[in-house]
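Please look at the sequence and the structure together before reading on. The report below then takes up a few features in turn.

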Amino acid sequence: MLPFEILARKRDGHCLSGDEIAAVVSGASDGSWSDAQLAAFLMAAAIHQLEPSETRQLTEGMLRSGEEWRLRDEVPNLCDKHSTGGVGDKVSLVLSPLVAACGLPVVMLTGRGLGHTGGTADKLEAIPGLTMDFDREHCLDMLHDNGVAIGVATAEIAPADKRLYAIRDQTGTVESLPLITASILSKKLATGASSLVLDVKTGSGAFIPDPVRAEQLATMMVAAANELGCHTSALLTDMSQPLGRWVGHAAEVLESLECLRGEGPDDLMGVVSALSVEVAALEGVDLSEEDLGEALTSGRAYEKFLRWARAQGADERWLEDPKLDLAPVEVDLLAPRSGYLQAVDTRTLGFSLVEAGGGRARPGAQIDMGVALRYDVRIGEPIEAGQALGRLYLRHPNDRLRDKVLSCFALGDDEVEPPALVQRRVGPTVPGA
Ligand code: URA
C-alpha cells in the first residue's frame, strides 16, 4: 500500500492494520517516508487517537526498529521503573539501589530533562566523572556484579522514535497519549527487563496535570507493555508540589544519598516504597516495608549506590567523600501573609529553576548543577507571615526570580486536605500478565 493510501485511511478515522502501521515505522526508520508524510500520520493519529491494537503495533514496530538487549534471558527478575516526570522527582536514584539491595536487579535507561522537569541522567551527571553511556556488555557486567545499571538509551535503540519525536516536536503532536505511549515504551522495552513499574504523575508539576488523562496514559502504557511481554503496572502519584525537600541536580543527588542512609523525607520515601513494593510484586516477590527499611538501615542500599557509581566512572575522591556544592547566593522565600498553603504552581517553580540555569532553556545548553530550591513546606500546612517557605540557591542575586517563585505558593484562609501521595493503581489488563 502506498503511503498516501495509508494516510487517507487514518485521516478518515479508520483503524490501521498491523501491516499499515509497520509501513509507517519502516518509512520512519529507512527514510522511505518523507517528513511531510510522517507529520501527516502523526497529526491524524493525534486527532483520531489510535486503537489499542494500533498503539501496540506502533510500539512494537518502533522497538524493533533498533537494538534489543533481551537482558531478561540472562538476568532473572530484572526490574525497571519509569516516571512521566516531575519536579524534585529523584525516585529512580533511590529506588534502583534499594530494590537491588533487596535482591532484585534493576536496569534503567533514563531521559534528560524536558521542559520544567529535570532528568535522571542529567542529575546523576552532577557526580564528578560519572558517565551515563554504556553498551549491553557493560550493562550485563554491572547487573551481574551489583544488580544496578542506570544509563541513557544508545543511538541504536529505537531509531524510529528519534525521527518521529523530532517531527512531533515541530507539529504540535507531542501531547497525544498513544504517541507518548509508543515513544516511551519503544525505548523502555529495549532492555528486555521482565517487570516495569510506571510512576505516572498528576498535578501542577506533571506533564499531564489532569488525573483523568494521566490515568488514560497509564492504562494505555500498561496494556501495550503487557501485550509486548513485560509485566507492567502503574501508580498514579502526586506531583502537585515538589517531591521531597530539594529540587536541582546536585541537591537531588545529595537528597537521594540521605534517603539511602535512611534519612529521607516521608513523601519521597512513601513514593519510593510504594513503587518498590509494586515492581517486586510484578516479579512475584513479596517485599515488605520491613525489608526495605532493613536494606536502608544496614547500609546495603547505600553501598549499592556507591558501587554502581564507581562502575559508571565516578571519581574515587568523590566516592570517599560524596559531597556536591550548591550555588552560593542563598535567597530565603518568606511568606507574605499567614494562611494555609493551598496550592503550588509546581510547573512555574520548575521553569524558574530552568531560567536560573538549573535546567536547559534550549537543546544542548549546559546545566548549572548547583542551582537549587529547598522546599520547606507542604500543601495543607498552616503558615505564619514571614515564615520561610524555602530557599533558592542561585549563581547571582535575582529579586525578580525570587518574586516569581514566591508567587507560586498560594496561601489562603481555608484549610485544604493534603493531596494523597499514591492516588491509584492501574494493573495489568492482559490475562496471566
Ligand atoms: N518522553 C518520551 O520519550 N517520549 C514522549 O513522547 C514523552 C516523554
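What follows describes a predicted model, beginning with its nonpolar cores and ending with two residues in loops.

In soluble globular proteins, nonpolar side chains tend to be buried together. Here the largest nonpolar core has 76 residues, and those with the most contacts inside it are L124, F305, W318, L341 and F409. Helix α5, which spans residues 91-101, supplies the largest share of this core, namely eight residues. Because domain 2 (71-155 + 168-320 + 421-426) and domain 3 (329-412) both give residues to this core, it lies between them. Apart from this core lies another one, of 38 residues, which includes M142, L143, A190 and L217.

When neighbours within four places in sequence are left aside, L341 is in contact with several residues, among them Y375, R378, I383, F409 and V416. R378 also belongs to the lining of the second largest pocket, where R378, together with Q241, D266, D267 and L421, lies nearest the centre. This pocket has a volume of about 220 Å³, and 13 residues line it; they divide into seven nonpolar, one polar and five charged.

Two residues other than glycine have a positive phi, and the table sets out where each one lies.

| Residue | Phi | Loop between | Relative accessibility |
|---|---|---|---|
| R70 | near 45° | α4 (52-64) and β1 (79-83) | 46% |
| A158 | about 45° | β3 (148-152) and α8 (159-171) | 1% |

Is each of them buried, exposed or partly exposed? With 46% relative accessibility, R70 counts as partly exposed, whereas A158, at 1%, counts as buried because buried means under 20%.

Methods
Residues are numbered from 1 along each chain as its sequence is written. This is a predicted model: local features need pLDDT of at least 70, side-chain atom pairs count only at pLDDT 80 or more; totals for chains, interfaces and linings use all residues. Side-chain values use heavy atoms; hydrogens and water are left out. A nonpolar core is a set of buried Ala, Val, Leu, Ile, Met, Phe, Trp, Tyr and Cys residues joined through side-chain atoms within 4.5 Å. Buried means under 20% relative accessible area, exposed over 50%, partly exposed in between (1.4 Å probe, protein chains only). Helices (H or I, at least four residues) and strands (E, at least two) are DSSP runs, numbered from the N terminus. Domain bounds come from an automatic or database domain assignment. Contact means heavy atoms within 4.5 Å. On a 1 Å grid over the protein atoms alone, a cavity is a set of points where a 1.4 Å probe fits but cannot get out, and a pocket is an open set with protein on both sides within 12 Å along at least five of seven lines; lining residues have an atom within 4 Å of a point. Grid points are joined across faces, edges and corners, and a volume is the space filled by probe spheres set on the points. Ala, Val, Leu, Ile, Met, Phe, Trp, Tyr, Cys and Pro count as nonpolar, Asp, Glu, Lys and Arg as charged, and the others, Gly among them, as polar.
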